[in-house]
Amino acid sequence: MGTGEYEYSKPNFEQQAHKVAIPPPQPFIKSLKNTVKETFFPDDPLRQFKNQPPSRKFILGVQYFFPIFEWGSRYNLSFFKSDVIAGITIASLAIPQGISYAKLANLPPILGLYSSFIPPLVYAMMGSSKDLAVGTVAVASLLTGSMLGAVVNANENPTLYLHLAFMATFFAGVLQASLGILRLGFIVDFLSHATIVGFMGGAATVVCLQQLKGILGLEHFTHGTDLVSVLRSVFTQTHQWRWESAVLGICFLFYLLVARFVSTKRPKLFWISAMAPLTSVILGSVLVYLTHAEKHGVQVIGELKKGLNPITIMDLSFGSEYLSTAIKTGIVTGVIALAEGIAVGRSFAMFKNYNIDGNKEMIAFGMMNIAGSCTSCYLTTGPFSRSAVNFNAGCKTAVSNIVMAIAVMITLLFLTPLFHYTPLVVLSSIIISAMLGLINYEEAIHLWSLDKFDFVVCMSAYFGVVFGSVEIGLVIAVALSLLRKHGSISKRENRSWNIDTSNRCPIYFANSSYLRERIVRWIDDEEDRLKASGENNLQYVILALSAVGNIDTSGITMLGEVKKVMERRGLKLVLANPGGEVIKKLNKGKLIEVIGQEWIYLTVGEAVGACNFMLHTYKNDEKPTSTGSSSGKETWSDNNV
């Protein structure tokens, strides 16, 4: 060009002028209605009630709150056979676990059996999961014991302690049901995946350490849950260690771990691991009875009262001076139980390609805990170990919970005297073997490779629980997660896939559930529109990720769930314009392999063009890119994710 002047023509802006359409103003009421709908009803749960006569709306309403009336009409003998087998199998696990976890909560062992009778019956009527097996869990039991034990000593004042446990369960149920009815389930989302991994691992470590009391046969033990307090209590009482108890505990723990290892390597032999706890209880009881080991330092359960759950509604004292403690315990344990139960239910629902409603699950959990608090039960949810056994045993519906409850009822009526000689050390071994499965070090390593900040959150929760308390660990992890929400620590940098990402929003733990439900609702709306207009069926769903600056492990999991939802509906998921940081995370999370590299594009235009090309090139059954049977030519694009 040299140094000469460069002349250029001035653009004619008058000819190129154009107008951008401005949305018309909306009345305040309509705007408020849309805001409320987007916040509390992203999945549009009232869709099924539209254009229905009053009688049909009533039936649908009953089926919404009591799903058993919806699937019960399709129940058959084949389902019943499978559910009976699964129910008996999980009962064999529920009985010893229930007794063990009640001791962990400093409650009478019989309450563990009570809690495996009434709540499963309530859940079977109101729950939406086919695979969830209801019962007590170790982490909630530990929380109950530590939080109530800090105020009232269970040994010195057992009646007051018991009443506080029932009140805490009642408030947990009220919280859970309220969150579901008011559509406030997003509150639980503030427990990110990394938080739950670290918290559960820390709680499992603390629970295992607490079982040293039973393994070593110690009569006095610290009420603290932190590592320092437990080790101090153990090593200052070396003169009281019982070698008989230790040998018995190590032997049964070895047996339980071997049984679990065999079942892990050969899933068809799941029953070996499922039956191992009950087998341990039977063998331990027989051994103690024959050798009179209870006279040589081996502690036993003692007498368990026969009979069904006593009514305890009159024990709920709302004027108690310890009411604030009961409320606090109920809130903390209720949220943790919700997070665990819903996560477990969604995991197994994905395996069987069906969907569960998180808000309906919250209502079901809440009602079963409210009912439980009035019938001598303490907090219950859907534990992973029991649900995994239920799933592997081939359950078809929630009837397996009813079968389990009947088996527990028979035990309460006739078999409780048989547990008199059950050694406490066996219960400790059962708890330890179950807790070791919650220390997910592989997932922690995965978090390190995927997202360093998520790893920090995970480890903060873990060490906070182990060296502080369960409450401290939870508060630290949630605080760090919220700090990330405001973006004060997250990376901001340019990537080759797109331009500046500094003003983009993330897909992360706090909004992943909302986005999943909102995406599904968009698809429902589009399919309804196509059906009403007589156009071809939907074939592709394009998610434009240009506004997404980052994504965490919860967001990656959400996209994987959306992919499975698309597959169930015969649709193909396509991603467009993911930023550099996002594509790196998707690659490390193995999601690109799941979606397919060929279905990720740099721009929405390229994605639309590729989808249209496939629709025009492949017809009907020849089209290899979608499981749908129609050869429609519509492409749906979401630019708001």
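# Helix crossings, cores and odd corners

The crossing of helix α9 and helix α15 is right-handed, meaning the near helix is turned clockwise from the far one by less than a right angle. Helices here are DSSP H or I runs of at least four residues, strands are E runs of at least two, and both are numbered from the N terminus. You're looking at a predicted model, where local features need pLDDT of at least 70 and side-chain atom pairs count only at 80 or more, while totals for chains, interfaces and linings use all residues. Residues are numbered from 1 along each chain as its sequence is written, and side-chain values use heavy atoms, leaving out hydrogens and water.

**Exercise 1.** Work out how α9 and α15 are arranged, and which residues make the contact.

*Solution.*
- Step 1: fit the axes (lines through C-alpha atoms over the stretch in contact, with angles from 0 to 180 degrees between N-to-C directions). Those of α9 (residues 158–181) and α15 (residues 323–351) come within 7 Å and cross at roughly 50 degrees.
- Step 2: classify the angle. That makes α9 oblique to α15, since the label covers whatever is left after under 35 (roughly parallel), over 145 (roughly antiparallel) and 65 to 115 degrees (roughly perpendicular).
- Step 3: list contacts (heavy atoms within 4.5 Å). From α9 you get Leu164, Met167, Ala168, Phe171, Ala172, Leu175, Gln176 and Leu179. The α15 side includes Leu323, Ile327, Thr329, Gly330, Ile331, Thr333 and Leu338.
- Step 4: sort by class. The contact holds 14 nonpolar, five polar and no charged residues, with Asp, Glu, Lys and Arg as charged, Ala, Val, Leu, Ile, Met, Phe, Trp, Tyr, Cys and Pro as nonpolar, and the others, Gly among them, as polar.

**Exercise 2.** Repeat the analysis for α5 and α18.

*Solution.*
- Step 1: the axes of α5 (residues 77–104) and α18 (residues 399–415) come within 7 Å, crossing at roughly 50 degrees.
- Step 2: that makes α5 oblique to α18, and their crossing is right-handed.
- Step 3: on α5, residues including Asp83, Val84, Gly87, Ile88, Ala91 and Ile95 meet a set on α18 that includes Val399, Ser400, Val403, Ala407 and Thr411.
- Step 4: by class, the contact of α5 with α18 has 12 nonpolar, three polar and one charged residues.

**Exercise 3.** Find the largest nonpolar core, and trace what isoleucine 99 touches.

*Solution.*
- Step 1: set the burial scale: buried is under 20% relative accessible area, exposed over 50%, partly exposed in between (1.4 Å probe, protein chains only). Buried residues make up 53% of the 641 in the chain.
- Step 2: join buried Ala, Val, Leu, Ile, Met, Phe, Trp, Tyr and Cys through side-chain atoms within 4.5 Å. The largest core has 109 residues, and Ile99, Leu143, Phe199, Ile336 and Met435 have the most contacts inside it.
- Step 3: skip neighbours within four places in sequence, and isoleucine 99 contacts Pro109, Gly112, Leu113, Ile301, Leu304, Phe419 and Leu427.
- Step 4: check for another core. A second, separate one of 40 residues includes Ile519, Ile523, Met566 and Val574.

**Exercise 4.** Place serine 280, serine 263 and histidine 420, and say whether each is buried or partly exposed.

*Solution.*
- Step 1: serine 280 sits in α14 (residues 270–291) and is buried, because its relative accessibility is 0%. Beyond four places in sequence, serine 280 contacts Phe252, Tyr255, Leu256 and Val426.
- Step 2: serine 263 belongs to α13 (residues 243–265) and is also buried, at 11%. Past the same sequence cut, serine 263 touches Leu269, Phe270, Ile272 and Ser273.
- Step 3: histidine 420 is in the loop between α18 and α19 (424–436) and is partly exposed at 29%. Its C-alpha lies 9.3 Å from that of tyrosine 289, 131 residues apart along the chain. Leaving out neighbours within four places, histidine 420 contacts Val300, Ile301, Gly302 and Glu303.

**Exercise 5.** Describe the positive phi values of asparagine 106 and serine 376, neither of them glycine.

*Solution.*
- Step 1: asparagine 106 has phi near 60 degrees. This residue is in the loop between α5 and α6 (110–114) and is partly exposed at 39%.
- Step 2: serine 376 has phi of about 65 degrees. Its loop runs between α16 (358–373) and α17 (384–392), and serine 376 is buried at 4%.
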